[in-house]
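Me: I'd like to learn how to read a model like this one, feature by feature. Could you take me through it?

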Amino acid sequence: MTFVYLLVFGFAATAVLGLITSWIDRKVTARVQYRVGPPFLQPFIDIVKLLGKETLIPAGASKGTFLIAPVIGISGVIAVATLLWVNQFFSEGFMGDWIVTIYLLAIPSLSIILGGFASRNPLASLGASREMKLVIAYELPFILAALVPVINAHSIRLSVIIDSQAGGVFAGSLSGILALIVAILCVQAKLALVPFDIPEAETEIVGGALIEYSGPGLAIFRLMKNMLFFTLPFFLIILFFGGLRLNGINILWTVLEYVGIVAIITVIRNTNPRVRIDQAVRFFWGPMTLIAIVAVVLALKGL
Amino acid sequence: MSFNLIIDALKNPNGFFASSPLSLLCAAFAAMFFVFAVIYSLKHMKGRTGLWRYYIYLLATFIATLGILFSTTFVLLLVLWGFLGLMLYLLISFGNNEGTPESARKSLVIIGGTDVLLLLGIVLIWRIVSGDTGLSGFLHLKFGNLAIPLTGRGQIIAYLCLASAAFAKAGAMPFHTWLPDTARDAPVPVTAYLPASLDKLLGIYFLARITLDVFVMTPLMNTVLMALGSLTIMAAVMMALVQHDLKRLLGYHAVSQVGYMVLGIGTGNPVGIAGALFHMFNNTIYKSSLFLAGGEVERRTGTSDLSKLGGLVKAMPLVFAAFLIASLSISGIPPFNGFASKWMLYQGIILSAGSGGLWVLWLVAAMLGSALTLASFMKLIHTVFLGQPSEISQKVIEKKEKSGFSTLLPLTVLSLLCIGLGVFAWKIPFADYFSPEVKGQVDFPGIWQSGLATMMLISGLVIGFLIYLVGTLKKARIVEPFVGGETLEKNPDMRVSGVDFYKTIMELGLLKGIYRWAEKKFFDLYVVAGKFVAGFGIIFSFMHNGILSRYFLWFIAGLVVLCIVLI
């Protein structure tokens, strides 16, 4: 039964929803720039096309690490997605809690870093090191913001966090809305989207950590990123909006919440220039952390 | 007569030795690390002089450790504790770095100094518990089951004295400064054997015992412990981020990890304490694995300077695999063992929430600490094993030497333990061994089904591989890396070493000043105390300058003071 969850929810549903999200993102971006934008199936076609392209391995690189890195990344995303889906629908708890989710979410970044390091390319090294710095930058406000629902629900079990929002979502309180703002910006960085696409920065380090990847390796990384694009907003919905509610009128709300988060992320990415890595660290350790601390203090006071 | 006395002591009539489940487990780990230290040293220490003494010291250390773990009286423990400090000093001296003598002296001073505090603490406990019972009462003062409440000033001082001995042994702040220096200058097997494993076992075992059996903790003292633990985690890991030397960097992590254990013991609830003890065992496993792998790198390349390394995965793939597994464990990536114990610790912190909102601070310090640990190990993995090879690495790769049995055996066993203890987490042996020690039922508020999660991750890997197989993996082609059309070999300047990956962070606002102070060793108790003592020296040398008139002046002044006091 567990493997049915894994295949159906963790992999298939997450991948499909992730690809759709990526299409929404690209379509909105295109409309902002007065373009028509890609057809609905384009993200899926991209992946299939990449699978048919040649696999290139940089000479003198660590072949094993280079090839296994994308696989580690996608397995991390699948594990998180399965965990979130099953905890969403079964209240007895499954596999892990809040702490486990936060730690599993580090695996995709880890895989990009390992892959970049293993490429034997100076530009990939630079990109991966930026990714690492970005991780330590956003991790501080992200932990604080994600703590707010834990404080409100008095539990680290995701199912309890979902259940305790039956009467009113955490995003409705002052602490919740502050934490949500911080968390969305952290997700922006977790997805490495503009203005925090510093690790990839096509115009300066030519794709950074992914520079040497081609064919299936790149396809897996693309799929992993698309799946993350669904999983991270899903995690935020669980934390701040009481999870996906699939009954009656609430379906509409859930879809609105999800599309709303994705739309905010997309709009931010289309209206901002890329920042430097030191500016990003300053931004996350400075104002973002301050807002998150305010949110935590308010939550402790019960606001 | 004296022979009979020894026989009696061995038969354990007066109860000098006794075992508890926890101490047995510690002893089993100590035995494992002793065996590994000896096996590893066979190759690593080859060709140095006086090796017979080296092995005798290793053995003596092991026996003294067993003595401490099983001793039931304070005095026996104190004597063996001091003996261990001496052994550490002697073992460090086998290193052949420039700074070795100074580092050995530093560790002797710090550990020996806290031994004095330990003695003071024991004397205080003796006065508190049994009043004036003469020397024999002192000699038979029992270690354990005293339940002294931390109410009076004497009790608190006694606890702090004992705790500082434990801190110095384990390497927690503020007595940590000997550890990074020792890690840099001592032979690697010694570092892996003592500061990385046995000293951790002893220090945290002792801290746990005094916290649970000897004293009854107050919320205030728990908060002090948790604050010290969090400070240790953060400060040490921030220092580790910017180190330039492989072994010294690992040494800072040895400090940082102690913070988690102190923090866990400070939570004062069974979950947190069990987490701390579990973390102690996990830490000894991955930390010695890291040191031993680092030692192999140093032996093959002849340097531990990070800027001269890189790309070594081609020369030692298995060592890299062990290093990677241990790095992921220490950074708390699921499903490795470091995560299992950190997960327990965090719940302990959350359960301690009764004391205001401070728990958020401890939790965030611990969780951010583990992200920073990951960062600093990613830097190591890049600068040592991956990335672009340096000149030295090229030579090592071309030599095609194999890592021997004496290196790979310990690394394999330790890596398997990292995975095994992570996957089976808490369930297999540890639950039974800890529950009598932590005084209470260990009930987790959270969920971590480690076996299930491992299955998930493995199936995820399978899905990933299937995608590869659908693709064109079989026709993979090897091409030169693309660096804007340049060739890497012809432009050695393009090599990114990775030593300065985190320089941007070092130069951020407030951190810049703190790092500068740390470089000037403002936070090093040894150096600060040294300056303090030197200050006294200046006063004394001013007073004793050998000129009769000044001595006469002191004489008059003393007489005046005496007159005033007496009249």
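Reply: Gladly! Two residues are in contact if their C-beta atoms, placed from the backbone, lie within 7 Å. Keep in mind that this is a predicted model.

Me: Let me try that on one residue. Which residues is B:Met344 in contact with, leaving aside its neighbours within four places in sequence?
Reply: The partners are B:Val271, B:Ala274, B:Gly275 and B:Phe278. B:Met344 itself belongs to helix 14 of chain B.

Me: Is B:Met344 buried or exposed?
Reply: The general idea is to count neighbours: a residue is buried if 20 or more other C-beta atoms lie within 10 Å of its own, and exposed if 12 or fewer do. B:Met344 has 26 other C-beta atoms within 10 Å, so it is buried.

Me: Now the whole of chain A. How many helices and strands are there in chain A?
Reply: Chain A has 12 helices and one strand. In sequence order, two helices come before the strand, as the pattern α-α-β-α-α-α-α-α-α-α-α-α-α shows. The radius of gyration of chain A is 19 Å, close to the 19 Å from the globule rule for 303 residues, so chain A is as compact as a globular protein of that length. Along the principal axes, its C-alpha atoms fill a box of roughly 55 × 45 × 40 Å. Of those 303 residues, 62% count as buried.

Me: And how many residues does each chain give to the contact between A and B?
Reply: A general idea to start with: interface size is often quoted as the accessible area lost when the parts come together. Here we can count residues instead: 62 come from chain B and 68 from chain A. On the chain B side, helix 19 gives the most, with 13 residues. That side divides into 44 nonpolar, 14 polar and four charged residues.

Me: What sense of pairing links strand 1 of chain A and strand 3 of chain B?
Reply: The two strands pair in the parallel sense, over three bridges. One of the bridge partnerships joins A:Leu56 to B:Arg477.

Me: What should I look for in the nonpolar core?
Reply: Look at its members and at where they come from. The largest nonpolar core has 296 residues, and those with the most contacts inside it include A:Val182 and B:Leu363. Helix 6 of chain A supplies the largest share, 20 residues. Domain 1 and domain 2 of chain B both give residues to this core, so it lies between them. As a close-up, A:Val182 touches A:Pro141, A:Ala145, A:Met288, A:Ile291, A:Ala292 and A:Ala295, not counting residues up to four places away in sequence.

Me: Last one: which backbone angles deserve a second look?
Reply: Most residues other than glycine have a negative phi, and most peptide bonds are trans. In chain B, a cis peptide bond joins B:Met173 and B:Pro174, with omega about 5°. B:Pro174 sits in the loop between helix 7 and helix 8 of chain B. Another cis peptide bond joins B:Pro334 and B:Pro335, again with omega about 5°. In chain A, A:Tyr34 has a positive phi, near 60°. This residue is in the loop between helix 1 and helix 2 of chain A, and it counts as exposed because it has 6 C-beta neighbours inside 10 Å. A:His154 has a positive phi near 55°, and lies in the loop between helix 6 and helix 7 of chain A.

Conventions:
Residues are numbered from 1 along each chain as its sequence is written. Chains are lettered from A and ligands numbered from 1 in the order in which they are written. This is a predicted model: local features need pLDDT of at least 70, side-chain atom pairs count only at pLDDT 80 or more; totals for chains, interfaces and linings use all residues. Helices (H or I, at least four residues) and strands (E, at least two) are DSSP runs, numbered from the N terminus. Ala, Val, Leu, Ile, Met, Phe, Trp, Tyr, Cys and Pro count as nonpolar, Asp, Glu, Lys and Arg as charged, and the others, Gly among them, as polar. Two strands pair if DSSP finds at least two bridges between them. A nonpolar core is a set of buried Ala, Val, Leu, Ile, Met, Phe, Trp, Tyr and Cys residues joined through C-beta atoms within 7 Å. Domain bounds come from an automatic or database domain assignment. The radius of gyration is taken over C-alpha atoms; the globule rule is 2.2 Å times the number of residues to the power 0.38.
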